[in-house]
Amino acid sequence: MIKFENVSKRYPEGHDALRDVSFRLNRGEMAFLTGHSGAGKSTLLKLIMLMERASRGQVSIAGQDLAQFSRDDIPYHRRRIGVVFQNHQLLFDRSVFENVALPLHISGYDEEDIGKRVRAALDKVGLLHKEKLNPITLSTGEQQRIGIARAIVHKPQVLLADEPTGNLDPALSEEIMRLFMEFNLHGTTVLIATHDLALVSRMPYRTLTLDQGRLINV
Amino acid sequence: MSNREPVKRGAERQRSVEKPAVDGAAASAHKGAAKHKVDFVAEFKSWVRHNKSTAKQSLQRLWLTPLPSFMTLAVLAIALALPGLMFVGLKNINQLSGEWKGDPRISLYLQKTLPAEEAERFSQKMLLRTDLAAVELVTKEQGLHEFQRISGFSDVLEFLDKNPLPAVVVVQPLDNKKSVLTALQQELIELPEVEDAVLDMVWVERLASFVRLANRLVLVLGALLALSVLLVVGNTIRLSIESRKDEIQVAKLVGATDAWVKRPFIYTGFWFGLIGSFIAWIFVEISFLLISAPVGQLIELYQTDFELQRLGFMDSLSLIGVGVLLGLFGARLAVGRHLREIEPQ
């Protein structure tokens, strides 16, 4: 599903964020991406999202070489990927419901369909009863779950998460991880970037470790 | 807003909706053409739906910040009302000069000492000339009457014991070429009965060049004010884009196309243009109500059949149309420049 072949990323300032990275994540697989901050985890996720482009090598998603995608293709590429951020990126000028509905509005679903799907997603993260609230009134853990609901509401093929448990205590982190496991059980390919090694070691999943832009175990 | 967007979206939606989490990798490739067509219709509907809801939300957003919106609208309205007023002013001047245009005439002021019969004979002599199209005699008495009627100085004239006005023969030459006219004027002024010969052309020409100048001025000022409307709308939209930066980044991250992100701002420009030009129209109409009374008095004094022209239906429509176009174009400029720079980090 996700394939990196000898991928390097050098930023214009000359900083090498990724060096000769190769790995493969199969359809329906779940894996962790670990490493110190600055090791290149975010860059790797950005390459998958086409927020950045590789300097060398090839990134392919579902068998498609991302280098072939023009600027106009990027939105359609992103629609099959769900992303969860550390800082959740919720919009505080609208309700929980509207936040989760955003990807569906963008993809052009009709209102009725949106209602059903948003409630299903909120139900999955256990926050159906808070749909009318403004996310600013929710706790950090709840906000993170809203962010997850938004990432999975359109049933993406790939779910990416960048430090999804960064601000959470261990109990909440476990809870969030269990959500990701559940989506993975339904067939979604999941890649989670985290530096929480203790949490990773408790999980029975593959771990990719980055060190100064190099993948040191695959 | 590109036409191919619904098509492309249709294609993608098929990909993302038809084969959700349970990845059926190449499944969508096997879907028939019929399915695609249905999707296209559905996508077109959703495109219309998004346009409708965006139009509504953009309008509501103007009300969320009433004061800044009102200020912007007032500036737009003034910038649009000024050329509107000038345009109507011009229309009136054109109407006036149109009345005065016509064929050039030469007024022959006869010697004051010339008896009435001599004047009569002179005008008949003029009638025989082959180079004149029309000849009209205005006798001393007629001239006095007309003067009394138009000037309103009848009381003053009663103090004069003698009619001070000369008899005038107004002739209209056949040939309107300037060289011919001046030659004719020279020839007529030599005649013993004639004291002075005045070519009305000079006046008409002066007026015409004044009108030309005014037309050009209105055009230049109108263009400058249109430019200011563009800049005001563009700047307002730029600020609005800045304030919604987070939203734009998130939307782009979850797969919003450029067209989708642009749409609300284009509609904001549309509303600014529409409402701004409507207020401008009200300004122009109020201005006309205010000046119509004094203009009416002026017209009465001059006894002309001049009628004050106002913004007609077509002109009103043009004013609002220009406003909407400028709003859309200003938004387009701001959006094209700034939205590309906002990318998710």
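## Two oblique helices in chain A

H3(A) and H4(A) sit oblique to each other in this predicted model. Two packed helices are described by the angle between their axes and the distance between the axes. Here, the axes of H3 (residues 96-107) and H4 (residues 111-124) of chain A come within 9 Å and cross at roughly 125°. That angle is over 115 but not over 145 degrees, so the pair is called oblique rather than roughly perpendicular or roughly antiparallel. As for handedness, H3(A) passes H4(A) in a right-handed crossing.

Who meets whom? From H3(A) come A:Phe97, A:Val100, A:Ala101, A:Leu104 and A:His105, and on the H4(A) side they meet A:Ile114, A:Arg117, A:Val118, A:Ala121 and A:Leu122. Sorted by class, that contact has eight nonpolar residues, one polar and one charged.

## The nonpolar cores

In soluble globular proteins, nonpolar side chains tend to be buried together. In this model, the largest nonpolar core has 67 residues. Inside this core, the residues with the most contacts are A:Leu33, A:Val100, A:Ala149 and A:Leu160. H3(A) supplies the largest share of the core, six residues. A:Val100 turns up twice in this story: it is one of the H3(A) residues that meet H4(A), and it is also among the residues with the most contacts in the core.

A:Leu33 is worth a look on its own. Leaving out residues up to four places away in sequence, A:Leu33 touches A:Lys41, A:Leu44, A:Leu191, A:Ile192, A:Ala193, A:Leu208 and A:Leu210. There's also a second, separate core of 28 residues, and this one includes B:Leu76, B:Val88, B:Ile275 and B:Leu326.

## Two positive phi values

Most residues other than glycine have a negative phi, and most peptide bonds are trans. A:Leu50 has a positive phi, near 60°. Look for A:Leu50 in the loop between helix H1 (41-49) and strand S4 (56-61) of chain A. A:Leu50 has 19 other C-beta atoms within 10 Å, so it is partly exposed; 20 or more would make a residue buried.

A:Gln212 also has a positive phi, near 45°. This residue lies in the loop between strand S9 (206-211) and strand S10 (214-217) of chain A. A:Gln212 has 14 C-beta neighbours inside 10 Å and therefore counts as partly exposed.

## Chain B at a glance

Chain B has eleven helices and four strands. Of its 345 residues, 25% are buried. As for contacts in chain B between residues at least 6 apart in sequence, 85% join residues at least 24 apart.

Technical notes. Residues numbered from 1 in each chain as written. Chains lettered and ligands numbered in written order. Predicted model: local features only at pLDDT ≥ 70, side-chain atom pairs only at ≥ 80, totals over all residues. Axes fitted to C-alpha atoms, helices over the stretch in contact; angles between N-to-C directions. Parallel < 35°, antiparallel > 145°, perpendicular 65-115°, else oblique. Left-handed = near helix turned anticlockwise from the far one by under 90°. Contact = placed C-beta atoms within 7 Å. Nonpolar A, V, L, I, M, F, W, Y, C, P; charged D, E, K, R; others polar. Core = buried A, V, L, I, M, F, W, Y, C linked by C-beta atoms within 7 Å. Buried ≥ 20, exposed ≤ 12 C-beta atoms within 10 Å, placed from the backbone.
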